[in-house]
Amino acid sequence: MRERDPRIVLGLHRSRYERRILTSALELGVEAIDTSFNYHGFLAHTALAAAGRDLLSRFQISTKVGFFPAAGRAEHSLDPDRLREAVEQSNRDLGRAPDLVFLHNPERSLTGSSEAAQDSLGTACAAVERAAAKGLCGGWGISSWDPRPLPGLVDATLPRPDAVMVRAGLLAGIDVLKASEALAARWDLNPAQLWGMSPFGGSTTQSLWDELDPRVFIQEPHDGLSAVQATFRVAYSLPRVGRIAVGTDNPTHLQELVNALRYEANTDILSAYRRLLREQRDRQSL
């Protein structure tokens with residue numbers, strides 16, 4: 001069994017929730033799981049408990065609340081009562097309190113004036129903060145697919161989260177990267193408190209990975225490093241995050257990602273890449 005490495009979180013996003021990926025993760029030193037109240041048709045927590053209830057005490061578990069079942073679909077809400085009830089149900093379904101509960105994509109329900117949006121965000125943050133204070137979870141955070149609306153809403157009146165999770169990697173886009181870094185700065189979060197997700201932009205088999213060799217962003221020597229491994233390793237620097245939640249059902253793929261952490265990103269080339277992204281964005285806005 002390998003030494004624990006907190007930099008990788010096993011994301012059970014589109015997972016089949018099989019026991020073998022849980023046991024393989026533990027063998028590889030991956031001792032954190034990320035899931036959500038709404039995944040797996042709102043049955044993710046019960047499926048996880050069924051697959052490995054006896055193993056869950058060995059993992060740090062993060063989950064998310066914000067999406068709720070509606071007639072034939074899922075709907076998003078920042079209603080504090082619904083958020084509290086979702087955290088309570090998560091406790092029951094998992095058979096234990098999650099270590100961290102993220103407010104899931106709050107930007108989905110932040111409409112109207114900036115004052116109204118800030119009030120709605122603050123009320124929702126306070127709801128999950130109270131859940132943590134009552135022992136329903138170990139801490140709380142925000143998981144945002146599109147953080148661009150959020151930095152302008154954050155001031156000293158809002159509760160400070162324990163962690164923020166944002167998209168990371170070569171496909172995140174410069175505006176998302178800048179917003180993520182601005183959000184972390186607003187809350188004075190250190191890199192360990194900023195998590196990444198979706199490091200492959202949703203797929204490791206996109207044609208883009210045949211056209212772009214992400215190994216150019218890795219310090220040499222990088223013999224034996226695959227394009228998938230390089231893409232994953234680079235994601236820790238775009239933006240700078242301490243952990244990445246990555247989804248897989250394949251123990252071999254998870255081992256490849258663990259092995260990728262032996263390599264280091266080339267900061268000079270990444271800085272040049274970010275500059276190119278900014279210049280491209282500026283040209284498109286003309």
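The following paragraphs describe unusual backbone geometry and the pairing of one strand in a predicted model.

Residues are numbered from 1 along each chain as its sequence is written. Because the model is predicted, local features need pLDDT of at least 70 and side-chain atom pairs count only at pLDDT 80 or more, while totals for chains, interfaces and linings use all residues, and side-chain values use heavy atoms, with hydrogens and water left out.

Strand S10 (243-247) offers a starting point. Helices (H or I, at least four residues) and strands (E, at least two) are DSSP runs, numbered from the N terminus. Two strands pair if DSSP finds at least two bridges between them. Strand S1 (residues 8-11) runs parallel to S10 and is joined to it by four bridges; Val9 has Ala245 of S10 as its bridge partner. Strand S9 also runs parallel to S10, through three bridges, and here Met197 is partnered with Ala245. Four of the five residues of S10 are buried (under 20% relative accessible area, 1.4 Å probe, protein chains only), so S10 is largely enclosed by the rest of the structure.

Most residues other than glycine have a negative phi, and most peptide bonds are trans. Ser198, in the loop between S9 (194-197) and H7, has a positive phi near 50 degrees; with 19% relative accessibility, Ser198 counts as buried. Phe42, in helix H2 (residues 39-42), has a positive phi near 65 degrees.

Two cis peptide bonds precede prolines. Glu220 and Pro221 are joined with omega about 0 degrees, and Pro221 lies in the loop between helix H7 (208-211) and helix H8 (227-235). The bond from Leu238 to Pro239 has omega near -10 degrees, and Pro239 belongs to the loop between H8 and S10.

Notes. Buried means under 20% relative accessible area, exposed over 50%, partly exposed in between (1.4 Å probe, protein chains only).
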